[in-house]
Amino acid sequence: MKNLRAAITGVGAFLPEYKLTNQELSTMVDTSDEWIMQRIGIKERRILKEDGKATSDMGTAAVENLLAKTGTNKDDVDLLICATITPDMPFPATANIIAHKVGIHNAWSYDLNAACSGFIFTLVTASQFIESGQYKKVVVVAADMMSSITNYHDRTTCPLFGDAGTAVLLEPTTEDLGVIDHIHHVNGLGRHHLHMKAGGSARPASYETVDNREHYVYQEGKTVFKHAVSGMADVSEQMMKKHNLSHKSLAWVVPHQANMRIIDATAKRLQIDEDQVMVNIQKYGNTTSATIPLCLFDYENKLRKGDNMILTAFGAGFTWGSVYLKWAYDGKDAL
Ligand code: UT7
């Protein structure tokens, strides 16, 4: 039997309608459009405002978009994995809720927590079930409602984040396409620099934790910035060397969208041109697990079968890594 690879055969997304602009943010905290554009590169981000709506609703809409675009019958889905750090609730898994809301009844499902590396970690995990020959259709959801854990009194974090839901379909191929290789890392020491202080078993929710605003993202920005630049550039450079990829043979680099300066520094280290790097941070900010598939969604009609791509991310944990994949279809055919 020929070796099987897992290919991404479709991308779906959901974006909330509400746009939180730098202008509006500057009425909430002491900041300005100029500072945010210069230091981060974000113009606006989407916020899920509707009462009672949660991460699963964005994930559900993204999966429905994906199934419609790819003409996939929901009864044929074998497995659904959801990358998120903003689950609807600590348990059960948001993946279970999404599967129920979409009406996927023949699959099992679970969540995976790798913060901003959530999509690339989940993509590699999901690929194993395809490569083994066990499953034919696996859905990877990457969805985060960052507005639910963002402190809109903290000017050092609130300009960064936005909400989005995304989903990709993985199917087997015997062609030289799909997920080829990955280099993934974690370092638990990094948890001190980027985390949520309360709400887990180490510090359960109490009046005190709420009063102290401990249920929001805590980040030491400069330290995370330094590690993000070296982490993403190192693994991507290593991957390019391992597979003899140069700026000529590589079509795209798809970096996690946390800060335009991190994206530029990574591109510079890899010696690739600006137009080879997917960027949409200005429109959506950092949507945590969703940034990379949201880039694939936005750029889909430019993608060609066989395009060499490096996906790379860095996030809380610390977690970081890169995936080398060959795109499996002509984007324009998918529309
Ligand atoms: O996706 C997960 C991984 N996360 C990341 O990759 C994020 C990494 N970190 C960053 O992107 C950047 O560190 C930040 C955008 C969070 C901060 O940018 P920075 O250039 O590192 O700024 P800083 O924290 O060193 O602050 C510089 C100055 C400070 O003022 P003083 O002390 O020099 O007077 C801050 O108080 O900028 C001030 N500042 C602001 N000013 C206006 C911080 N935030 C703001 C703001 N508006 N929103």
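Reader: Which residues is Leu 250 in contact with, leaving aside its neighbours within four places in sequence?

Author: In soluble globular proteins, nonpolar side chains tend to be buried together. In this predicted model, Leu 250 touches Met 240, Leu 245, Ile 272, Gln 276, Asn 308, Met 309 and Ile 310.

Reader: How many residues has the largest nonpolar core, and which have the most contacts inside it?

Author: That core has 39 residues. Leu 250, Ile 272 and Phe 314 have the most contacts inside it. Two helices and two strands give two or more residues each: H7 (221–242), H8 (260–270), S12 (308–315) and S13 (319–326). H7 gives the largest share, seven residues.

Reader: Why does this core lie between domain 1 and domain 2?

Author: Look at who contributes. Domain 1 (5–176) and domain 2 (180–334) both give residues to the core, so it lies between them. A second, separate core has 38 residues, including Leu 79, Phe 121, Leu 123 and Tyr 135.

Reader: Now the ligand. Which of the residues around it come nearest?

Author: The shell holds 21 residues. Thr 31, Arg 39, Arg 155, Asn 259 and Asn 286 come nearest. Helix H2 (33–39), H7 and H8 each supply at least two shell residues. The largest share, four residues, is from H7.

Reader: Which ligand atoms do the side chains of Thr 31, Trp 35 and Arg 261 approach?

Author: Take them in turn. For Thr 31, a side-chain N or O atom is 2.7 Å from a ligand nitrogen. For Trp 35, a polar side-chain atom lies 3.4 Å from a ligand nitrogen. For Arg 261, the partner is a ligand oxygen, at 3.1 Å from a polar side-chain atom. On its own the ligand has 950 Å² of accessible area, and the protein covers 75% of it.

How values were computed. Residues are numbered from 1 along each chain as its sequence is written. This is a predicted model: local features need pLDDT of at least 70, side-chain atom pairs count only at pLDDT 80 or more; totals for chains, interfaces and linings use all residues. Side-chain values use heavy atoms; hydrogens and water are left out. A nonpolar core is a set of buried Ala, Val, Leu, Ile, Met, Phe, Trp, Tyr and Cys residues joined through side-chain atoms within 4.5 Å. Buried means under 20% relative accessible area, exposed over 50%, partly exposed in between (1.4 Å probe, protein chains only). Domain bounds come from an automatic or database domain assignment. Contact means heavy atoms within 4.5 Å. A residue is near a molecule or strand if one of its heavy atoms lies within 4 Å of it. A polar contact is a pair of N or O atoms within 3.5 Å; within protein, one must be able to donate a hydrogen and the other to accept it, and residues adjacent in sequence count only if both atoms are side-chain atoms. Accessible areas come from the Shrake-Rupley method with a 1.4 Å probe; for residues, only the protein chains shown count as cover.
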